[in-house]
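Thanks for coming. I'll put the chain up on the screen and then talk through its cysteines, its sheet and its charged pairs.

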Amino acid sequence: MLDLRPNFECCDRDLPPDTIHAMICTFECTFCADCATQKLGGACPNCGGELVRRPVRPAAKLARFPASTTRIFKPQGCAGATP
């Protein structure tokens, strides 16, 4: 099951679990669509994998399977990235 992290890894903005603007790699590194396309060129700075839109967990399932509360913030991985 996906972690549904509470923030974006580069810009540290809050991330609602129902947003369609979250991009992830296969390791669930999580970036906003702006950082993913403009700073990272569609590739994860941690693993080099492709960033794709994170699916939205249905609201009815969030009560039983809540989003993570663990924030991951790695601005150093995004600062030098170029598309």
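I'll start with Cys29, which is buried, at a relative accessible area of 9%. Keep in mind that this is a predicted model. Cys29 takes part in no disulfide, and the nearest cysteine sulfur to it, that of Cys25, is 3.7 Å away. The cut-off here is 2.5 Å between the sulfur atoms.

Cys11 is a similar topic. Its closest cysteine sulfur belongs to Cys32, at 3.9 Å, and that is too far for a bond. Is Cys11 buried, exposed or partly exposed? Cys11 is partly exposed, with a relative accessible area of 30%.

So how many disulfides does the rule give? The count is one disulfide. The pair is Cys10 and Cys78, with the sulfur atoms 1.6 Å apart. Cys10 sits in the segment before S1, while Cys78 is in helix H3, residues 75–79, so the bond ties together parts that are 68 residues apart in sequence. The torsion about the S-S bond of Cys10 and Cys78 is about -75°, which means the disulfide is left-handed. As for accessibility, Cys10 is buried, with a relative accessible area of 7%. Cys78 is buried as well, with a value of 4%.

Before anyone leans on the H3 end of that bond, a word on confidence. The chain has a mean pLDDT of 92, and 95% of its residues reach 70 or more. Where in the chain is confidence lowest, and where is it highest? Confidence is lowest in H3, at a mean of 79, and highest in S3, at 98. Cys78 is in H3, so please read the details of that disulfide with the H3 figure in mind.

Now the sheet. It is an open sheet of three strands in the order S2-S1-S3, and the pairing is antiparallel. Strand S2, residues 30–32, and strand S3, residues 52–53, stand at the edges. Each of these two has a single partner strand, so one side of each is left without a neighbour in the sheet. Strand S1 covers residues 22–24, and S1 and S3 pair in the antiparallel sense over two bridges. Which residue of S3 is the bridge partner of Ile24? That partner is Val52.

Between helix H1, residues 33–39, and S3 there is a loop, and Leu40 lies in that loop. Leu40 counts as buried, at 6% relative accessibility. Leu40 and Gly77 are 37 residues apart along the chain, and their C-alpha atoms are separated by 9.7 Å.

Next, the charged pairs. The structure holds four salt bridges. I'll take Arg71 to begin with. Arg71 meets Asp12 in a salt bridge, at 3.3 Å from N to O. Arg71 lies in the loop between helix H2, residues 59–62, and H3, and Asp12 lies in the segment before S1, so this pair ties together parts that are 59 residues apart in sequence. Arg71 also forms a salt bridge with Asp14, where the closest N and O atoms are 3.0 Å apart. Asp14 is in the segment before S1 too, so here the parts tied together are 57 residues apart in sequence.

How accessible are these three? Arg71 counts as partly exposed, at 40% relative accessibility. Asp12 is partly exposed, with a relative accessible area of 27%. Asp14 is exposed, with 59%.

The other group is Asp3, Arg5 and Glu9, which are linked in a network of salt bridges. Within it, Asp3 and Arg5 form a salt bridge with their closest N and O atoms 3.5 Å apart. Asp3 counts as partly exposed, at 33% relative accessibility, whereas Arg5 is buried, with a relative accessible area of 12%.

To recap the links to the segment before S1: Cys10 is joined from H3 by the disulfide to Cys78. Asp12 is joined by Arg71 from the loop between H2 and H3, and Asp14 is joined by Arg71 as well. That's what I have. Questions are welcome.

Methods
Residues numbered from 1 in each chain as written. Predicted model: local features only at pLDDT ≥ 70, side-chain atom pairs only at ≥ 80, totals over all residues. Heavy atoms only, no water. Pairing = 2+ DSSP bridges. Helix = DSSP H or I, 4+ residues; strand = E, 2+ residues; numbered from the N terminus. Buried < 20%, exposed > 50% of the residue type's maximum accessible area, 1.4 Å probe, protein only. Salt bridge = Lys/Arg side-chain N within 4 Å of Asp/Glu carboxyl O. pLDDT = per-residue confidence, 0-100.
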